Each structure stands twice: as structure tokens, then as C-alpha cells.
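This report describes a protein model together with its bound ligand. The overall fold is treated before the domains, the ligand shell and three individual residues.

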Amino acid sequence: MKETIQKRLSDSKTARWTALFIVSFTMMCGYFLTDVMSPLENLLTTKGQVVYFTDDTSMPADSLVAKVNYFSSEEMLSNSLLTVEQLEEGSKVQYYEMQNGAQTQTEKTISSVARGEGWSSTEYGFFSGAYGLINVFLLMLFFGGVILDKMGIRFTGMMSSGLMFMGALIKWYALSSDFGDAQLFGMDMQVALASLGFAIFGMGAEITGITASKVIVKWFAGKELALAMGLQVAMARIGTAVALAVSLPVARWMGDVSYPVLFGAILLCVGFASYMIYCVMDRKEDASAAAVRMENGETEEEGFKLSDLKLIFCSKGFWLINLLCLMFYAGVFPFLKFATKLMIYKYDVPESFAGLIPALLPFGTILLTPVFGSLYDRIGRGATLMIIGSVMLTVVHVLFALPVMNYWWFAVIVMIVLGIAFSLVPSAMWPSVPKIIPMKQLGSAYATIFYIQNIGLTMVPWLIGWVIEHFATLRNEAGVIVGYDYTAPMVIFAVFGLCAILISTLLRVEDSKKHYGLEEANMKK
Ligand SMILES: C[C@H](N)C(=O)N[C@@H](CCCCN)C(=O)O
């Protein structure tokens, strides 16, 4: 009689890569929404209408009208006077300007007009950090991990992708509404409501992140684990890159900052539906795994107990990964929130293109993260890759802090180096966690790491927003903002890089003592 050997669904290459693709797609939609507001910082922090010209310059409508009025009061061209109502695509504007004591005549054509929200830098920083607010202060990420280990991948993933969608809708509602002078929680109503939406979204996004990590370990353990994690991160980066590249053009085209968010909410709805499809595969994988266990006479693995958390919390290697994650990501994700404006004011990049330079960072990582992941799978050296990535992060921020070399091409080169660093550390760090923590506690382990990381993702934008407002904003005698000096914020980012170097070195030392295998290949030969 022919003996049939039961196989798990995850033993099929097609099945496991399909599962990876579906879950990564849901995450990609989340990453799009996470960064969709970053290129809009300048627009959000400008009051009233902003006028964009065909030569890729822009100007608040008020100052344009002031110039035109000044022009008309001089009675130089009263027959082509513009009013605010006439600020629309295709209109020509003519005005005189005093430059270095000489009067110059300028004629420009309007390409689009968009509504600015008049937020302060501190408000923008608060909003950006609100992503981690519920995760950090209500410990929701920690509970999310426990829910994941107790209730399973299907329930938790549906819950978290639903939360992302709900948060996105609230954020869109806040940005598309005019609340006048209304206040909420002692804050401008729009800022408060948009932040609340972002906080709910952030809770969903982070719980989806730990769920996706557990999904990947479930399907890829002992196989192409780091490559799979690298590909998942790569797909997430596509979401970030597209957000950075298209958000401002969409806002300009539609005339309002809320439209890119609406687009993100629609994407998240599709992401929610795709996770439902994954749930069907997950059920089949569980059934096939149970059949394999039965055939081999194995019993089901003991479930997760809260007391298991002790094992996680007593591991020094685990804490070092936590701290590395905190410092490294504090130097990257919060930086992205401010990077577009940095390009405009430090590197003199026209606003229309300014989002494209930070977008190079995730675009670069799309290719490199799976490449480094596959390298780690085959030859190991995980701890070393983390050290190299941390060194590169530090160098990049020191270069951005320098008051010299304010050329756009220099910013492009530095951003590419940051992209390499941002591929090296995630591709080595995330697949290293299952080498330190067993599968059973992995949900809680990833949740704890994400929790600590979220402290940085919340507080660092608050800090940087505040520092920009109080130490980096340059004003003229009349108190009008004339530019920004980014030295202080960039030095802060460089300090995070230095801490990451120290911690990754300690991790390598700990690995050589405890033999976690961080320098060894992941794939079993
Ligand atoms: C922001 C989120 N908490 C995060 O850290 N994301 C990582 C990817 C984590 C993947 C773990 N398998 C990132 O680098 O975007």
C-alpha cells in the first residue's frame, strides 16, 4: 500500500508566498496612510490658500495678494489686477518686488491653488507623534501582543486592519472639515480630531505589524524567513514611497490636504478585504499542521500563558534589540515627517519636487531590504549588518546637520545612503527576534519591541516639532517666518544614531556570549 505523507500548506512554495503577499499588501496600505501627510507639512503649516506657480514656486495667497495690491497702489498695471477669487489655475499674476534695493517685475502663471490649514510646527509635530499615542499611553500595543498570542492571527488581524480603516476615516473627516475656532482637549479642533484618528489608525497599524510578523514566522520558519521579512518590509516601503511621492501632487490637484487621506482610507478598505482572504488560507494551514501532528503522533504545542512573559523580559539580548529598535527607528521614521520641509528650506528644492527626495529612501529599500534579508538567510552576519546600518544612520544625520553643502544633489546622495542603512538594520533585526525568543511568545515579543519603538515614534516628532518652532525658525523683525535652520533638529537625530551604534555593538557582544546565532545563516541546509 502506498503511504501518503501529510504536508503542511506552508510546505507549498506557492501557498506561503501567496500568504506573504496578501498580508504584506494589507501592511502596504497602512504604510501609505502613515506617511501620507509628511509632504504636506508646508501646506498644513501655512494659513489660508497657497498658490503654486508653473515655475514650481509657491506662495501663500495673502502675500501674493499683498504684492498685487502694492503693485496696483503704485498704479503700474491696474487693468490686470487680481483678486483672491481669481486665484485659479491658468491665471497670470504680475507684481513688482524689491530685491536687494532694486525693483523687479515678475510675471507668473498659477498652476494650482490649495488650502493651507495654518497649523503651527508644534501642532504638526503633535499630530505626527499621535500615531503612537494610544499604543504608548494606553499600553494598547502591549495588550495587542497578548491578544495576538491568546486569540490568534485571524481575529487579531481582522480587528487591527478594521481599526486602521476607522482611524483613517476619522482623520479624513477632520481634515476635510472646517471647525472654525472650535477647540477639543484644549487644542484646535481639527488638530485634535486628526490626531485622534491618527492615534486609532496607529494602534491598528502597529497591531497589524506584529500580526504580520507572526504570520511570516508561522509560514517561513526554517525556510526563507529573512527574505520573506525583507519582502514584507519592501512592500511596506512601496506604500511609504508612493505616499511621499504623490501626496502633494494630489493635494494640489484637488485643492485640499484631505484628498490623499481619503485615497488612503479607500486603500485600507481594500487591505481589510484582502486580510479576510488570508484568513481562509490561515485556517487551511492550521488544519494541515494539525493533520501532520496527528500523523507524527505529536500533541499540540502548549498555548501562551501570561507567565511566559517572564522569559521574554529576562533576556538581555531581547532588551538590546528593543533599545536598538527604539534608537534606530527614532532616527528614521520621525525624520521622514520633517524631511520634505528640510529639502525646501535647507536644500532650496522647489516644493513640487521636495517630496521626491525623501521618497528615494523607501524606494531604495524596496530592492535592498530583500537583498540583505536573503544575504542574512544564506551567510548570516546579522549583528554586523546592524552595526554597519547604525554607523551609516549617524553619518547621514551629521551630514544633514552640516551648515555647508546645501545642494539638492548632495541631499539626494545622503538620502540614498540613509536608504541603505534603512535596509540593513530592518533586514537583520526583525528576523533575529525568533533566534532569541521562541514562537509561542513571539507575538508578545514583537509587541514589546513595537511598544518601546512607539515611544520614540510618538515623542520624537513632538520634540522635533517643538525644537523647530523654538530653535530653528528664522523670523524677520516683523515676526514673519523667513526660513529655518535645521542644525539643532538634525543634531538630535544624529544622537539617536550614536546610541544605535553603541547598542548594536553590545548586541553583538551578547550574541557571542549567549550563542543566539545572530551571526549564523537562517536557512537550514
Ligand atoms: C513601524 C513598525 N512598528 C515597524 O517597526 N515596522 C518595521 C517593519 C517591521 C516588520 C517586522 N517583521 C519597518 O521597518 O517598517
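The secondary structure of the protein consists of 19 helices and 8 strands. The model is predicted, and the predictor assigns the complex an ipTM of 0.96 and a pTM of 0.83. Mean pLDDT for the protein is 88, with 92% of its residues at 70 or more. Residues 77-81 stay under 50 in pLDDT, and the model has 6 contacts beyond four places in sequence for them. Where pLDDT is low, the predicted coordinates should not be read in detail.

**Overall dimensions**

The C-alpha trace spans about 100 × 45 × 40 Å along its principal axes. The radius of gyration is 25 Å, which agrees with the value near 24 Å for a compact globule of 525 residues. Of these 525 residues, 54% count as buried. Considering contacts between residues at least 6 apart in sequence, 82% join residues at least 24 apart.

**Domains**

Two domains make up the division of the protein: domain 1 covers 12-45 + 118-288 + 305-514, and domain 2 covers 48-115. Their C-alpha centres lie 39 Å apart. Contact between them involves 11 residues of domain 1 and 10 residues of domain 2. On the side of domain 1 that touches domain 2, H9 and helix H14 (351-354) each supply at least two residues. By class, that side of domain 1 has 5 nonpolar, 3 polar and 3 charged residues.

**Ligand shell**

Which residues are around the ligand? They are Glu206, Gly209, Ser213, Met229, Val233, Ala236, Tyr329, Pro426, Trp430, Phe450 and Gln453. At least two residues of this shell come from each of helix H8 (189-220), helix H9 (225-254), helix H17 (408-436) and helix H18 (442-472). The shell comprises 7 nonpolar, 3 polar and 1 charged residues. Helix H9 thus appears both in the shell around the ligand and on the side of domain 1 that touches domain 2.

**Individual residues**

Three residues are considered in turn. The table lists a C-alpha separation for each.

| Residue | Partner | Separation along the chain | C-alpha distance |
|---|---|---|---|
| Leucine 336 | Proline 461 | 125 residues | 9.9 Å |
| Valine 246 | Proline 260 | 14 residues | 8.1 Å |
| Isoleucine 464 | Lysine 337 | 127 residues | 9.8 Å |

Leucine 336 belongs to helix H13 (residues 333-345). Is leucine 336 buried or exposed? Leucine 336 is buried, because 23 other C-beta atoms lie within 10 Å and the cut-off for burial is 20 or more. Leaving aside residues up to four places away in sequence, leucine 336 touches Asp35, Ser38 and Pro358.

Isoleucine 464 is located in helix H18, one of the helices that supply the shell around the ligand. With 27 other C-beta atoms within 10 Å, isoleucine 464 is buried. Its contacts, not counting residues up to four places away in sequence, are with Gly125, Pro334, Phe338, Pro489 and Ile492.

Valine 246 has its place in helix H9. Why does valine 246 count as partly exposed? Valine 246 has 18 other C-beta atoms within 10 Å, and this count places valine 246 in the partly exposed class because that class lies between the limits of 12 or fewer for exposed and 20 or more for buried.

Key. Residues numbered from 1 in each chain as written. Predicted model: local features only at pLDDT ≥ 70, side-chain atom pairs only at ≥ 80, totals over all residues. Helix = DSSP H or I, 4+ residues; strand = E, 2+ residues; numbered from the N terminus. Contact = placed C-beta atoms within 7 Å. Near = placed C-beta within 6 Å. Nonpolar A, V, L, I, M, F, W, Y, C, P; charged D, E, K, R; others polar. pLDDT = per-residue confidence, 0-100. Domains from an automatic or database assignment. Rg over C-alpha atoms; globule rule 2.2 N^0.38 Å.
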